[in-house]
Each structure stands twice: as structure tokens, then as C-alpha cells.
Amino acid sequence: MTRLRGLKDLVHDAVEQGATAVERIHRSSAAKPFEVLRLIPTLDAPVGTLQSLHDAALSGTYGMVRWVNRAVDGTLDVALDLFEQRQLPATDAQGHPPKPPL
Amino acid sequence: MTTSEAAESPDSEPGFPVVSSSPDEAVPPAPPKPRVGKVDLALGVLNGVLGDYLHRQNNALATPMGLYHEGRALPVEREALRSAHPHSTGRVALWVHGLAVTEAVWAFPAEPTTDYGSLLERDAGFTPLYLRYNTGLHISDNGEALAHLLQRLVAEFPVPITELVLVGYSMGGLVLRSACHIASEACLPWLSLVRRSYSIGVPHFGSPLERMGTVVAQVLRAVPNPYTRLVADVVDLRSSGVKDLGVARLRRQDWEDTTSPCTPLLPPPGIAHHLIVGALGEQGKWLSAMFGDGVVSLASASGRTGPRDTSPLFPPENVKVVAGIDHVSLAHHAEVYARLRESLAVEVA
């Protein structure tokens, strides 16, 4: 079970850091055409607005990926906790575990 | 010489699993199962690549250092050790594996329950103890942990240890050298029990493959492109243990300050160091000279900085080159075992 938790944590970290790395590249690549278009004086203002919208959408999308990742991680934590509790031996009325058979 | 040939040679007792050839038996017996499961093998690889990260994150997939017996953790406690080795005579051999593997690397592929340790126990009476550790951690960290583990082992072993033979394969040999250095500085008494140590394919002066990885990462990072930088980030993900292998950083100060050159750590005195070196081709041929055993160069595995080094770390007469063998096979090859056994026999005589 501890290994399963470890695997879950590793996948969570990989998605979190992978999404951040891809977002950085996506933002950097998308900035190039905007930079070129903004060299035209008449397009500077509208392209600037468009880039802001694009960047906001980008942050929202990758932020959503990270949010879902955290939600799945939290849900799996609860599920694993419940599973572990069910694996524990039943207790008697005083809360003591049953005695092993002789 | 194959493992079976080694077992059948006149000067050795047959010790490998024997298959009954009775004509009455319709169903052939199942081949022996490996002692280490596939999950553990996968974790060995994961620890080699990301072990330091897993350790920092307190991830349960990080392998804690410990002794293992038949694929299971063996607590360093008197009763557990007695139960695992009831017939121990106090002559102990510690087997330390290399990067991104587990103690399963010692097992002969055709006979997974047989390894150098079990053969040496049969032939020379050395109780085998197998170490498993997180190969992604710094070599010095593993060396420090091993030095203290051996201290506990000497105190807890059910019979007084009279001799401790250290055998390291690949990175394992560097971990052993680091542990000996720490034991020497801290005056840990277990070091006085070590009279012989064996290095099998150990990159005493680093591995050119890792140095190539460092150069590739630097080149990719220098290119002003987000994609190549991402690839450089991925290349740089490799663990501290892997990075230490580049120039064999055995002490903490070696990796804390990488700006100054890493001075070689002299082996502790009073120990006979034996080196077994693999070579892809015949000794002296270009293939061996260029690639060594495919991972470690001949010079590095022989404890020399280069082919013309006149002051090697270890006595040249203790270096044995096994021709026609690659790095991985060094951990489970009948010819390597023959050299080990021969060397131990000479020492005993």
C-alpha cells in the first residue's frame, strides 16, 4: 500500500511538473508571432489585447490540468485511507483487536 | 566457461539446482523462480534514475538501505540474522550491487537462485550478505549509511565476525570505498575486520558515459531554444548518484564544491584490493582499449587515470582482466567467479 501511495505521488508530481514545463514552452512559442505582429504600429494595440487573452486562456487551461491533477490526487488519498481502514482488523466493544486463535 | 561447466568442473562441488531425470516423472519440474520480484527490479531502475528526488519527497518508492535475504529485507538484528544464516562461521562476504539494479544482478540468468555469494559460501565458507540501497543518492551518502550499517552488523551478528570480505560491483565498489574512508576517519572498528576487498567493473576514476551526458546537457542548454532546454532539463533529471559516477565523487566535499578538481581517494591501508576488469574484446585490442567493458574504461576499472598512468591506485598485480565480457555480465559470469575464487584461494594459502 505504501508503494501504491508512492506511485500515486510520483505520477502526481510528473503531471504537475510536466504541465508546468509544457506551459512554459507553449507560452514561449506563442509569443513569437505576437512579437512579429506587434512590430506593425497599427496592430500593436489589438495584438497586445489578443496576446493577453491568449495568455489568460493558456494559464486557465494548464491551471485546470493542475487543478484536476490535485483533485484526483486528493480523491485517491481518501480512497487509499478508506481501503487501509478496511484492511485493519475489527475491534471488540472496548476497541481492542481480537485475540489470535490459540 | 558456462555456469554449468563451472559447477561440473572436477575441483568444484555441484551446487546448482539439479533436475531429476527419473523416467517416471511425466511433468518436468518448474525452473527455479528468481528471488527478487519484477516490482523490486523496476524500483531498482527508478531509484537509479530518480532516487534522490524520491528520497527528498519522502516517497515510499525510495529504497532504504538494508540487507536482503532471498528477496526480503533482513533486519540487522541478532535473531533475524541467526535465522537467515544458522550455520555462519563468522567469515562474511558483503555483496554490493551497482547503479539502477538490486542484489538480483548477482544471480546467474540461467539459474536465478545461484550467484557468486552462494557459490563462495559453498566453496570457501563465506556467509553471503546482500546489500540493497537507493543508487540515486550521492555515493558519499550511501557510503556513510553503509559504514554505520556495518557497525550495527558487527554488533548484532550471531557469531563474532572474524573476517569481512567486501565485494562491490560497478557503483557498489565506489560506495564501499566511500564507506571504508568514513570508517577510517571515524575509527569504526569493523574496518579492522576487512582484509580483502574486490572491485568488479568499478569505475574508480569515473565513467565516460556519464561525462558525455553532462556535456550533452550543457550543449542543449546553451542553445537558445525552449525545446532544447526542455530536453536539457530532462537529461539533467538524472540522479545525484549517476552524476557522482562521472568523476567518482566519493566524499561529500567532492560534490559540494564541484569547481575544484576531485582528488582521488586513496584506499585504506591494510586491505588487499583486488580488481576484476571486463573487456569487450581481447586485452590490448582496439575494442577493449576504446570501450572497456562497454560502460567503464579499462583504465578506470583498473584504478588508473589513463593507459599511461604509472602510479595506479591499486597494485597492478591485483588487477585481473576478463576478456570478451560486457559490464552487465561481470556480475554473473562463471569466469569472473573463477577469478574471485582463485584470488581468495591464493590469499588463504
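In chain A of this predicted model, 62% of the contacts with a separation of 6 or more are made by residues 24 or more positions apart. Chain A contains 2 helices and 0 strands, and of its 102 residues 0% count as buried. Chain B has 13 helices and 10 strands, and buried residues make up 43% of its 349 residues. For chain B, residues 24 or more positions apart account for 77% of the contacts with a separation of 6 or more.

**The contact between the chains**

The contact between the two chains takes 12 residues from chain A and 8 residues from chain B. On the side of chain A that touches chain B, the residues divide into 4 nonpolar, 4 polar and 4 charged. One of the helix pairs that can be described across the chains is H1(A) with H8(B), whose axes come within 10 Å and cross at roughly 165°. An angle over 145 degrees counts as roughly antiparallel, and H1(A) is therefore roughly antiparallel to H8(B). The crossing of H1(A) with H8(B) is right-handed. From H1(A), the residues Ala21(A), Arg24(A), Ile25(A), Ser28(A) and Ser29(A) meet Pro226(B), Tyr227(B), Leu230(B) and Asp233(B) of H8(B). Sorted by class, this contact of H1(A) with H8(B) has 5 nonpolar, 2 polar and 2 charged residues.

Ala19(A) also belongs to helix H1, which covers residues 2-37 of chain A. Is Ala19(A) buried or partly exposed? Ala19(A) counts as partly exposed because 18 C-beta neighbours lie inside 10 Å. Leaving aside residues up to four places away in sequence, Ala19(A) touches Tyr62(A), Val65(A) and Arg66(A). The C-alpha atom of Ala19(A) is separated by 24 Å from that of Glu35(A), which is 16 residues apart from Ala19(A) along the chain.

**Helices H7, H8 and H5 of chain B**

Within chain B, helix H8 (residues 226-235) also meets helix H7 (residues 208-222), and the axes of these two helices come within 8 Å and cross at roughly 155°. H7(B) and H8(B) are therefore roughly antiparallel to each other, and their crossing is left-handed. The contact joins Gly213(B), Val216(B), Ala217(B), Leu220(B) and Arg221(B) of H7(B) to Thr228(B), Arg229(B), Val231(B), Ala232(B) and Val235(B) of H8(B). Its residues divide into 6 nonpolar, 2 polar and 2 charged.

Helix H5 of chain B, residues 139-156, has 18 residues and reaches 25 Å from its first C-alpha to its last, close to the 26 Å expected at 1.5 Å a residue. The buried residues of H5(B) include Ile139(B), Asp141(B), Glu144(B), Leu146(B) and Leu150(B). Which elements do the buried residues of H5(B) pack against? They pack against strand E6 (127-132) and three helices of chain B, namely H6 (171-185), H9 (240-245) and H10 (252-256).

**Buried loop residues of chain B**

Three loop residues of chain B are set side by side below, each with its count of C-beta neighbours.

| Residue | C-beta neighbours inside 10 Å | Exposure |
|---|---|---|
| Gly98(B) | 28 neighbours | buried |
| Ala100(B) | 21 neighbours | buried |
| Ser170(B) | 30 neighbours | buried |

Gly98(B) lies in the loop between strand E3 (91-96) and strand E4 (107-108) of chain B, and Ala100(B) is found in the loop between E3 and E4 as well. Ser170(B) lies in the loop between strand E7 (163-169) and H6 of chain B. These two loops meet at Gly98(B), which touches Val105(B), Tyr169(B), Ser170(B), Met171(B) and Gly172(B) when residues up to four places away in sequence are not counted. The C-alpha atoms of Gly98(B) and Ile182(B), which are 84 residues apart along the chain, are separated by 20 Å.

The backbone also deserves a look here. Most residues other than glycine have a negative phi. What is the phi of Ala100(B)? Phi of Ala100(B) is near 60°, a positive value in a residue other than glycine. Ser170(B) likewise has a positive phi, near 55°, and is a residue other than glycine.

Conventions. Residues numbered from 1 in each chain as written. Chains lettered and ligands numbered in written order. Predicted model: local features only at pLDDT ≥ 70, side-chain atom pairs only at ≥ 80, totals over all residues. Axes fitted to C-alpha atoms, helices over the stretch in contact; angles between N-to-C directions. Helix = DSSP H or I, 4+ residues; strand = E, 2+ residues; numbered from the N terminus. Parallel < 35°, antiparallel > 145°, perpendicular 65-115°, else oblique. Left-handed = near helix turned anticlockwise from the far one by under 90°. Contact = placed C-beta atoms within 7 Å. Nonpolar A, V, L, I, M, F, W, Y, C, P; charged D, E, K, R; others polar. Buried ≥ 20, exposed ≤ 12 C-beta atoms within 10 Å, placed from the backbone. Expected span 1.5 Å × (residues − 1).
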